[in-house]
Amino acid sequence: MAAGRTATAVAHGHGPACSGIRKMVDFDLRAGRYLLQVAGHEGPALTLMVTPTA
């Protein structure tokens, strides 16, 4: 992925029932540094988890 380009999601889903996870989005990324931007959230705080998958 070239610097300054937007990554395209490869999958979307919901978390397990009763888990509190509302949305999951997968990206096929190479090792490196990335900037995560979130738009459209109106609350004062937002909890995120970013994790590698196998």
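**Group meeting: loop, surface patch and pocket**

Let me begin with Cys18, which sits in the loop that joins strand 1 (9-13) to strand 2 (24-27), where strands are DSSP runs of E with at least two residues, numbered from the N terminus. Before going on, I should say that this is a predicted model, in which local features need pLDDT of at least 70 and side-chain atom pairs count only at pLDDT 80 or more, while totals for chains, interfaces and linings use all residues. Residues are numbered from 1 along each chain as its sequence is written, and side-chain values use heavy atoms, with hydrogens and water left out.

Back to Cys18, then: its phi is near 65°, a positive value in a residue other than glycine. Is Cys18 buried or exposed? Cys18 is exposed, because its relative accessible area is 88%, and exposed here means over 50%, buried under 20%, and partly exposed in between, with a 1.4 Å probe and protein chains only.

The loop between strand 1 and strand 2 also holds His14, which is exposed with a relative accessible area of 66%. His14 and Thr53 are 39 residues apart in sequence, and their C-alpha atoms are 16 Å apart in space.

Moving along the chain, Gln37 lies in the segment after strand 2 and counts as exposed, at 69% relative accessibility. From Gln37 to Arg22 there are 15 residues in sequence and 17 Å in space, C-alpha to C-alpha.

Val38 is also in the segment after strand 2, and Val38 is partly exposed because its relative accessible area is 47%. Together with Leu36, Leu46, Leu48 and Val50, Val38 makes a nonpolar surface patch of about 500 Å²; such a patch joins nonpolar side chains (Val, Leu, Ile, Met, Phe, Trp, Tyr) within 5 Å, from residues with over 30% relative accessible area and no salt bridge, that is, no side-chain nitrogen of Lys or Arg within 4 Å of a carboxyl oxygen of Asp or Glu.

Finally, the largest pocket contains about 1,600 Å³ of space, a pocket being an open set of points on a 1 Å grid where a 1.4 Å probe fits, with protein on both sides within 12 Å along at least five of seven lines, and lining residues having an atom within 4 Å of a point. Which residues lie nearest the centre of the largest pocket? Of its 33 lining residues, these are Val25, Phe27, Leu36, Met49 and Val50. Strand 2 gives the most to this lining, with four residues.

Terms used. Patches are made of residues with over 30% relative accessible area and no salt bridge: like charges are joined within 9 Å, nonpolar side chains (Val, Leu, Ile, Met, Phe, Trp, Tyr) within 5 Å. Accessible areas come from the Shrake-Rupley method with a 1.4 Å probe; for residues, only the protein chains shown count as cover. Grid points are joined across faces, edges and corners, and a volume is the space filled by probe spheres set on the points.
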